Every structure is written in C-alpha cells, then in structure tokens.
Amino acid sequence: MSEPLLQVEGLHKHFREGPNTIHAVNGVSFELYPGESVGLVGESGCGKTTTARCILGLERPTRGRILFRGEDLGALTPAQLRARRRHFQMVFQDPHESLNPRFTVRRMLREPLMLHGLFRAEEQLTQTVDRVNLERSLLHRFQHQLSGGQKQRVGVARAIMTSPQLVVLDEPTSSLDMSLRIHVLALLRRLQHESNMTYLFISHDLSTVRHLCDRVLVMYLGQVVEMGRTEEVFDAPRHVYTQALLSAIPIPDPNVHRNRILLEGETPSLRELKPGCGLQDRCPFVAEECRLPVPDYDLGGGHLVACRLAKEAVTDERN
Amino acid sequence: MDQPLLQVKELSLSFPRQTGRQRILDRVSLEVRAHEVVGLVGESGSGKTLTSLAIIRLLPRSAQIDGGTVWFDGQDLLSLSEGRVRGMRGAQIAMIFQSPRASLNPLMRAGDQVARALKQHRGLGRKEAYRQAIELLQHVGISDAEARARAYPHQLSGGMAQRVLVAMMLACRPRLLIADEPTTGLDVTIQAQIFELIKEVQTETGATLLLITHDLGVVSEMCQRVAIMYAGQIMEVASVQALFSEPRHPYTEMLLGSVMRVDRPVDLEGTQPLTPSQTTYQTAGCRFATRCPYVMPACWITPPSATQVGPDHSVNCYRYSEPAA
Amino acid sequence: MTTALQQPAVAPLSGFWPFVRARPSFVLGAAIVLLYLIMATLGPLLTPFEPTQTDPQATYEAPSREWLFGTDKFGRDVLTRVIYATRLDLAISASVALSAFLLGSLIGGLSGYYGGWVDDVIMRVVDVMFSFPAFILAMAITGVLGDTVRNVIIAIAVAYVPYFVRLTRSEMLRVRTLQYSDAAVSIGNPPWRVMLVHLLPNALAPSLVQMALVFGWAILDTAGLAFLGLGITPPTAEWGVLVSEGAQRIITGEWWVWLFPGAAIVLAAFAFSLIGDGLRDLIAFEER
C-alpha cells in the first residue's frame with residue numbers, strides 16, 4: 001500500500017454568524033491514495049463542500065490538519081501554500097459562475113501555467129483543449145459565448161493544466177442535462193486514467209458517484225457516517241442514513257419496487273449540535289445509546305459505519 | 001369518462017427572434033384522462049415548461065400561438081377571455097412551479113396564504129379559513145403547524161415551502177394539477193417525502209396530475225403514462241411499463257441508455273450527445289433528425305404524425321409509419 | 001443551456017439604425033457630446049477672433065452676421081469665448097471624472113476586498129464626506145488651495161471620489177463571493193492579484209456609469225464655482241465666468257451674453273446625463 005496522497009485528520013470547521021456558530025464540519029478524518037476516485041456524498045448542509053474547501057486551502061480549519069504529500073498545509077506560509085497549489089486543483093460547481101466573465105478561455109487556461117512558471121508553448125493549451133473534447137476555436141471566446149457543457153469542460157481543462165495530482169470536483173454534472181452527464185463522466189474517467197490523477201468527487205447525486213468512484217464517504221451534519229468501497233456501501237448500506245438516502249432515489253425502472261426508509265422531519269440546524277448520532281431525532285430505529293457519541297464500527301475491507309446497527313455485522317464478521 | 005380531461009391538439013408556439021419568428025413548440029398533442037398521472041419528460045430546451053404554461057395561459061407576452069387548441073372539460077382554453085381563464089386558475093387548473101419559495105408571496109405569512117386560498121375558493125370567513133389552513137398544514141405533514149403558519153416563506157426550508165404549496169393545492173381542489181419539476185433543488189430524502197405527499201393528495205382528491213420532469217426515475221415511480229418531448233415536438237407517448245420495456249422512438253432509446261442508475265452501473269462509453277443545437281428548431285421535419293442514427297430522407301421534410309404501435313402507445317417516427325407521399 | 005424563455009427577444013447590436021432606434025436617448029447624448037468635441041477642436045480654427053480680443057467700439061452688440069453670438073461688455077465675441085470655454089470646461093471635467101474614477105475605484109476595491117479595520121476607517125471618512133454636498137466641499141477646498149485650474153480639478157475630483165469608493169466597494173463585496181474569485185485563488189494567485197486582475201475589472205460597471213454622470217456634474221460645479229468668483233476667474237473664458245458676466249445684463253436686456261454660455265452648460269450636463277443612463281442600460285444588458 002503506497003503512501004496516502006491526502007490525509008484529513010480530525011477536521012472541524014465552524015463559522016460565526018453573528019451570535020450563532022454554524023458547525024459545518026465536526027470531526028472528519030479520511031485518507032486518499034494516489035490514483036483512486038473517492039466520492040464525498042450527502043445532502044445540502046452536510047459539510048461536504050466545506051470539507052473540500054478546507055482541503056484546497058480556501059478555508060482555514062477551526063481544528064484538525066490537512067496533510068498533502070505528508071506536509072501540513074496549515075503550517076505553510078502563504079507563498080509556500082501557493083506554490084503547492086499546482087498539485088491540487090478544483091473543478092467548481094457552477095460553470096457559469098466559476099469562469100471570469102472578462103477573460104477569454106485562452107487566458108483562463110494560460111494563467112495557471114504562468115503563475116507557476118510552467119508556460120512554455122501554445123501547444124500546452126491546445127493539447128489540453130483537445131483532451132477535453134473542445135474545439136480549438138473556443139479558445140478565443142468569452143464565457144457567455146459558450147454552452148453549459150462547454151463551460152464545464154473549460155473548468156475541467158483549467159483544473160488539469162498544471163497536471164495536478166489531486167482534483168476535487170464539486171458537483172461537476174449537477175447543472176447538466178441527463179444525456180450530457182454521462183459524457184462528462186466518461187471524459188473525467190478517461191482523463192484520470194491518462195494522467196493517474198486522484199479524484200475527490202463531491203456530489204449529492206448518488207447515481208453519478210456510483211459510476212465514477214471506487215470508494216465513497218457518506219456525510220451527515222458535518223460527520224462521516226459511513227465509508228467504504230462503492231459497491232459495498234451502495235449494495236449493502238449499514239448506516240440508517242445511507243439506507244434512507246439510497247432508498248429515496250427513484251429508479252428508472254417500473255419493475256423495481258422500493259422499500260423506502262422514510263426519515264421523519266427535516267435535517268436539524270447546524271447551530272446547535274446534540275451529542276451522539278446526528279440522526280437521532282429522525283431515525284426510525286433510534287435507541288438510548290444513540291444519544292452518546294457513536295464510534296466507528298469496522299466491518300473490514302475499509303468499510304466503516306458509525307451506527308449501532310452495524311455492531312452485529314462486526315461480530316458476525318469476526319466469527 | 002370517455003373524454004379526456006385535458007386534450008392538447010397540434011399546439012404550436014413561436015417567439016420573435018432577430019432572424020424572424022422561431023417556432024418553439026411544433027404541433028404538440030397530448031391527452032390527460034381524469035384521475036391519472038401523466039408525465040411530460042424532456043431535457044432542457046424540450047418545451048415541456050412552455051407547454052404547461054400554454055395550458056394555464058401564463059405565457060410570456062412575446063409568445064405567439066401559431067395554431068392548435070387546448071381542450072379542457074369541453075372548452076378551448078386558448079379561445080377564452082383572460083377573465084374566464086383567471087377564474088379557472090386555482091379552481092380548475094393549478095400549477096406548482098419549480099422554486100417553491102418563489103411561488104409564495106414573500107410578504108405574507110404561510111398560514112395566511114393558505115387561508116386566503118380557502119377564502120377565495122371555498123368562501124370561508126376569516127377565522128374559519130385560518131383554522132382550516134392550520135389543519136391543512138398539519139395534513140401535509142408540517143409539524144408544529146401553528147408556529148409554521150406564522151412564518152414567512154424565506155424562513156421556511158425548501159421542503160416546507162413546497163408542502164405549503166401542496167396545502168394551498170388542497171385548499172383549491174383543482175381538477176387538474178400541473179407540477180413543473182416540483183422537487184428541483186430539494187434534497188433527495190425530502191424529494192421522496194414530497195412525492196409521497198403528492199401521491200397521497202392525488203389519491204385523496206382524485207385530482208389529475210400532469211407532472212413535468214427530466215428525471216426518468218420520478219416518472220417510473222409516479223406516473224401511469226408518459227410523453228417524451230424533444231426540441232418542442234412530441235416523440236413518443238406510452239404507458240410507463242411500455243416505455244421502459246419497449247421504447248420505440250430512437251430518442252427514447254438513447255435517453256434510456258444514457259440514464260444512470262444508482263442500483264446498477266451503466267456503461268459510460270458508447271453514447272452520443274443528444275442536446276439540441278441552435279439550428280434544431282429551424283428544421284422543417286423531425287427535430288431529432290440531426291442526432292438520429294436511423295435518419296431517412298423523409299425525416300427532414302415533414303414531421304411524422306403519431307402512429308399507434310400498441311394499445312396505449314404512439315410514436316412520432318417514420319420507422320413506424322409511411323411518410324406522406 | 002438557455003431555454004426558449006430565457007433568450008432575449010431582440011438581439012443586442014446589429015446594424016446602425018436598429019441601435020439608434022433602440023436607444024434614442026443615449027445616441028442623442030453621444031451626438032451632442034460629439035458636437036461639443038468638434039466645437040472644441042475645430043472651433044478655434046474657424047473663428048477669426050481671439051477670446052480675449054476686445055473691441056471697445058463694439059460693446060454689447062446683438063447677434064449679427066459679424067458676431068454670431070453678439071459681443072460682451074468689452075466687445076469680445078461671445079461665440080469665440082464660448083468655444084474656448086468649451087475647451088476648458090471639457091478638459092476640466094474630463095480630468096475630474098477620470099481622476100475621481102481611478103482613485104475612488106481603487107480605494108473602494110481595496111476597501112471591499114480586504115475589509116477589516118481599514119475598510120471601516122475608509123467608510124467613515126467617506127460617510128463624513130458625503131454629509132456635505134459635493135459643491136460645498138469643492139468650494140471649501142478651492143478656498144483653501146487657491147484659484148487655479150489645477151486646484152479646481154483637485155477640489156471637484158476630491159468631492160466626487162467618495163461616490164466611486166462606495167460603488168466599487170459594494171460591487172467588490174458582491175464579486176468577492178462568486179466562484180471565479182475562489183477559482184483565482186485556487187490556481188495560485190496571490191490576494192493582490194485576485195483583487196486587481198480578477199475582481200476589480202468586474203466591479204467597475206456602476207462606476208463607469210457614474211463617471212459619465214460626474215462628467216456632467218463637474219461641468220455644473222466648475223461653472224458654479226466660477227459664477228461665485230471661485231476657481232476660474234475672469235478674463236479666462238469659462239462658461240460659468242461668462243454667465244456671471246452676463247448675469248449683470250439680465251434685466252437690461254442683453255440676453256445673448258448670458259443665454260449662450262448658460263445653454264452650453266445646460267446642454268452639456270444634459271448630454272452627459274443621457275450618456276450615463278444609456279451606459280447603465282447597455283451594461284445591464286451585457287451582464288445578463
């Protein structure tokens with residue numbers, strides 16, 4: 001097993017909103033290994049985007065460390081951090097908003113190279129444009145002259161310009177039509193294999209995560225409730241939240257009947273966190289011990305679950 | 001019972017453009033029978049929202065109806081006066097839009113909005129209307145309804161706001177309910193709750209539901225029949241079973257092939273882009289011709305009319321019908 | 001992808017006459033300013049007189065073929081003086097508008113981007129400055145600095161800097177939260193470059209509109225100051241000076257001495273106001 005590319009250790013991030021504190025991320029720890037594709041999933045407010053922003057240095061963690069290639073990013077000077085940025089990049093969620101309206105595509109793609117002293121020839125730009133299936137003529141266009149799918153691909157091109165080792169993708173297909181999504185995913189997968197990049201794929205759309213990711217982390221209320229290999233987590237989810245989440249997704253097949261696990265009520269506010277499992281007020285299987293801090297139960301093969309119902313599975317596996 | 005509740009016949013709609021008028025909706029025909037749930041499916045640019053706006057006569061001012069009729073309960077909605085149509089909105093035909101908070105009056109408390117709908121459509125007095133409004137809010141699953149009724153829309157979550165809209169729907173008891181992507185932007189678990197709620201309400205009131213969506217999973221769960229649109233034309237109409245098991249139209253086939261499922265991975269390679277280009281709307285014939293693997297010369301000349309290929313299954317495609325001579 | 005509902009009904013700019021028809025007021029304003037520019041550049045070549053050339057025999061002559069705008073109390077040709085005044089006033093206003101725009105936008109951009117106590121201090125200073133009408137402020141500064149063209153420019157520009165500070169700052173606060181701001185950071189830009197290269201150009205639109213308006217207001221302020229005897233003084237040909245000289249003759253009936261420079265002021269201010277409004281519409285359309 002090689003060295004981890006990225007280590008997130010005990011990440012906490014709290015925001016102040018006047019008198020209130022928003023507990024966006026509450027103790028997230030995981031590792032990413034070179035070449036793998038890991039999904040970070042959850043619904044709105046679960047903390048996945050904030051976690052990603054901390055990893056990329058767009059936010060400072062309140063507690064905890066982010067280690068990239070063994071280096072603590074929080075311990076670097078701003079200049080040192082900027083120099084490291086060529087190795088980790090992000091594809092942003094909104095293709096319309098993440099491209100500067102005053103820049104041509106060419107300028108947007110050249111800039112990462114210029115900033116890190118990597119620009120040598122125009123070919124670098126045209127090659128990347130080819131790799132993402134964009135016509136070269138688009139290099140001279142502005143953002144408002146491109147279609148949604150084209151804008152998305154420019155975002156991807158910009159992210160891979162410096163040949164980063166880690167690419168964080170924040171909902172890259174959510175704003176696209178159904179028939180486009182599958183293309184963008186195919187493109188992303190091909191790019192990854194060509195350059196052996198590591199992907200951290202943030203999404204609330206579990207169907208796309210299923211198709212791209214080797215491992216998946218499920219988040220709720222700022223914590224990871226379940227993580228493991230994608231097939232395992234999706235085919236045999238152990239945490240009640242994961243089960244509810246998966247069962248809520250409609251399947252385009254009238255022959256499949258769903259046993260829905262419906263959670264009551266709505267996601268509680270991030271302003272006041274109760275001790276214990278974040279799902280305690282909505283879970284149909286809640287018990288007394290759920291009000292106390294829940295440990296991670298290891299089901300083997302990297303499958304960790306923070307739910308008391310997984311206890312039996314652990315003992316089963318041990319026997 | 002024999003006559004469908006809603007019948008859209010050959011509806012065509014155009015907008016003025018720099019280069020002249022552009023026909024967006026082209027001879028759209030659609031039937032919705034009483035008490036059923038029909039899905040109108042298409043990607044962006046397919047014209048599904050425009051069709052629904054045409055039914056309820058809420059089109060933008062620049063839109064021009066080029067032809068066709070919309071029969072509702074024996075009347076052509078397109079020929080009615082604005083006053084008559086306004087009277088029908090809410091009472092006979094109601095619509096839920098995509099963004100629930102945008103559909104609610106931001107200056108009125110939630111409870112008051114539901115109460116107002118009750119006053120208008122059931123002629124109740126102020127106190128009684130408010131009391132029943134609270135009941136309705138409870139009925140749609142809003143816990144602590146009295147407190148929620150005093151909240152303004154911006155203080156409600158997306159799921160709550162959508163429930164308030166459903167409560168208003170119940171107050172009006174329309175015969176036809178049009179829901180345009182009612183769960184866009186809502187979390188998946190909330191989405192499941194809202195669809196369960198809509199299903200309950202539909203069964204309870206016997207309302208007819210026209211559900212507009214791009215999500216084939218939702219269609220599979222909620223709808224009995226479904227119409228597929230592409231670039232302003234109807235491509236195929238079928239029962240849900242028939243559509244998923246025996247899709248006939250090339251677009252439907254390709255669409256089903258590009259949908260990702262969470263329970264079963266799909267092959268990512270080997271699919272083609274399907275989105276309409278700018279010139280698609282100017283084609284004289286079938287608008288899928290530019291993307292269709294089975295395209296024939298006849299496809300470019302006139303659009304195919306609907307051909308029956310099964311008991312409740314029609315396709316607009318020359319693979320199944322003879323081109324007009 | 002835009003749906004049919006989102007596409008504009010009429011395309012933006014295609015052809016000259018459609019452009020004129022769609023924005024008549026902007027075109028009118030621009031045409032007037034163009035005329036002034038022509039007058040300012042070519043005027044001196046076309047007139048046989050000098051602006052300070054006197055003719056004691058021909059004082060207060062009514063407009064005629066020889067003196068198209070008549071003469072003033074020293075026999076100077078009013079038209080010539082108006083033409084030379086145009087040069088001066090346009091030059092002053094341009095300097096004021098440009099310098100206030102540049103300085104104000106930079107301060108506003110920095111203030112909005114970096115925030116913190118620097119932002120607080122700057123905003124309080126701006127608030128204090130706003131509590132005075134711009135003209136009063138300009139008067140005070142001119143009074144302190146003295147009556148030269150340079151000081152007039154400084155005085156009026158300083159009075160208008162706060163407008164640009166506020167406008168640019170609020171735009172900066174908005175664009176700072178957009179994703180392309182994060183993107184600029186994530187590819188490795190240092191903060192100063194994010195602010196200057198990525199964000200500030202996108203925060204200038206309202207300030208550009210304001211610049212056109214300030215151009216017009218500066219004309220009024222310069223003339224106003226001169227009318228009161230501050231800033232530009234006789235015998236320099238400046239619209240306000242001319243109106244001041246002519247004001248003495250309102251009752252006695254020599255209308256041409258004050259009417260023509262007065263009309264020049266009003267028309268110029270009006271034209272810039274139209275341009276400012278037109279720019280606002282143009283920019284709003286582009287950003288959609």
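**Exercise 1.** Determine the strand order of the open four-stranded sheet in chain B, and identify its edges.

*Solution.* The open sheet of four strands in chain B is ordered β2-β1-β4-β5, with antiparallel pairing; strands pair if DSSP finds at least two bridges between them, and strands (E, at least two residues) and helices (H or I, at least four) are DSSP runs numbered from the N terminus. The edges are β2 (20–32) and β5 (75–76) of chain B; each has a single partner strand, so one side of each lacks a neighbour in the sheet. Next, β1 (residues 6–17) of chain B is joined to antiparallel β2(B) by nine bridges. Opposite Arg23(B) in β2(B) stands Ser14(B).

The model is predicted: local features require pLDDT of at least 70 and side-chain atom pairs pLDDT 80 or more, whereas totals for chains, interfaces and linings use all residues. Residues are numbered from 1 along each chain as its sequence is written, with chains lettered from A and ligands numbered from 1 in the order in which they are written.

**Exercise 2.** Characterise the contact between the two domains of chain B.

*Solution.* The assignment, automatic or from a database, gives domain 1 (6–92 + 174–315) and domain 2 (102–172) of chain B. Contact, defined as C-beta atoms placed from the backbone lying within 7 Å, involves 14 residues of domain 1 and 11 residues of domain 2 of chain B. On the domain 1 side, helix α8 (residues 188–205) of chain B supplies the largest share, seven residues.

**Exercise 3.** State how many residues of chain A and chain C are in contact.

*Solution.* 21 residues of chain A touch 15 residues of chain C. On the chain A side, β6 (88–91) and α3 (105–115) of chain A each give two or more residues.

Terms used. Contact = placed C-beta atoms within 7 Å.
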